[in-house]
Amino acid sequence: MTLLRPVIGIVGSTALYYLMRHFGVSVYAALVVGAVLSLVPACVSLIRGNRPGGLEAFFTVLLFASFAISLLPGDERFLLAKDALITGGVGFWFLASLRWADRPLAYQFAKPMVEGRLGWVGDWEERWERDEWFRRMWRTSSALWAAGTLLDAVARVVMAYTLPADAVPGLNLAMYVATAVVLNVVTTVVYVRAGAIGGRRRVPSQA
């Protein structure tokens, strides 16, 4: 599993935007072309028969959604704010998983990557069925990701409609990094405090 292709797509589209703006291309055209370029690595991978899974599949879906949104009618400010629709959608996806999915979204993403590795406890399915603390931990984590990505979406809309147009694509890229880092740090604290990381399982309270 690798996130290299979607990351290249996101970073490459932002770099192309600023290159095109340097040569006098309009904001609107540069944004649309950048959205097309962001799909190239994922499309090449799919044509070669590779099927992304886990987080790579998640980010690949986001890239295609971003391109689809770019085709909707609107002005350049709408296009600058389009990433808010993506991160907002992610936030609602996390929320929906708490109510309607068998397992919260954070659990689904983390399980194939870290179960029984990197200091994490193993036997997640057994723990899910048996331990309330384990279920509560993943619900808390998913709720935090929902709140964080929804706040991220609000911030992107504010930036798109208040800041100079050429500042927004770079800030959008920076926000992907900042939001991911902050949420990963916060949720890692939740996992450590619960006892899921560090080779020790917390004994659940009987209260």
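**Salt bridges, a helix crossing and a surface patch**

The structure holds 10 salt bridges, and I should say at once that what we are looking at is a predicted model. One of those salt bridges is formed by Asp166 and Arg21, whose closest N and O atoms are 2.8 Å apart. This pair links distant parts of the chain, since Asp166 sits in the loop between helix H9 (132–162) and H10 while Arg21 belongs to helix H1 (residues 4–22), and the two are 145 residues apart. As general background, side chains of opposite charge can pair when their charged atoms come close.

Let me step back to the overall layout. The protein has 10 helices and 0 strands, and along its principal axes the C-alpha trace spans about 65 × 40 × 30 Å.

Now to a pair of helices. How do the axes of H6 and H7 cross? Helix H6 (residues 82–100) and helix H7 (residues 105–114) have axes that come within 7 Å and cross at roughly 100°, and because angles of 65 to 115 degrees count as roughly perpendicular, H6 and H7 are therefore described as roughly perpendicular to each other. On the H6 side the contact is made by Trp93, Phe94 and Ser97, and on the H7 side by Leu105, Ala106 and Phe109. Sorted by class, that contact of H6 with H7 has 5 nonpolar residues, 1 polar residue and no charged ones.

Finally, let us turn to the surface, where Val177, Val181, Val185 and Val189 make a nonpolar patch of about 340 Å². Of these residues, I will place Val181, which is found in helix H10 (residues 168–194).

Technical notes. Residues are numbered from 1 along each chain as its sequence is written. This is a predicted model: local features need pLDDT of at least 70, side-chain atom pairs count only at pLDDT 80 or more; totals for chains, interfaces and linings use all residues. Side-chain values use heavy atoms; hydrogens and water are left out. Axes are lines fitted to C-alpha atoms, for helices over the stretch in contact, and angles run from 0 to 180 degrees between N-to-C directions. Helices (H or I, at least four residues) and strands (E, at least two) are DSSP runs, numbered from the N terminus. Angles under 35 degrees count as roughly parallel, over 145 as roughly antiparallel, 65 to 115 as roughly perpendicular and the rest as oblique. Contact means heavy atoms within 4.5 Å. Ala, Val, Leu, Ile, Met, Phe, Trp, Tyr, Cys and Pro count as nonpolar, Asp, Glu, Lys and Arg as charged, and the others, Gly among them, as polar. Patches are made of residues with over 30% relative accessible area and no salt bridge: like charges are joined within 9 Å, nonpolar side chains (Val, Leu, Ile, Met, Phe, Trp, Tyr) within 5 Å. Accessible areas come from the Shrake-Rupley method with a 1.4 Å probe; for residues, only the protein chains shown count as cover. A salt bridge is a side-chain nitrogen of Lys or Arg within 4 Å of a carboxyl oxygen of Asp or Glu.
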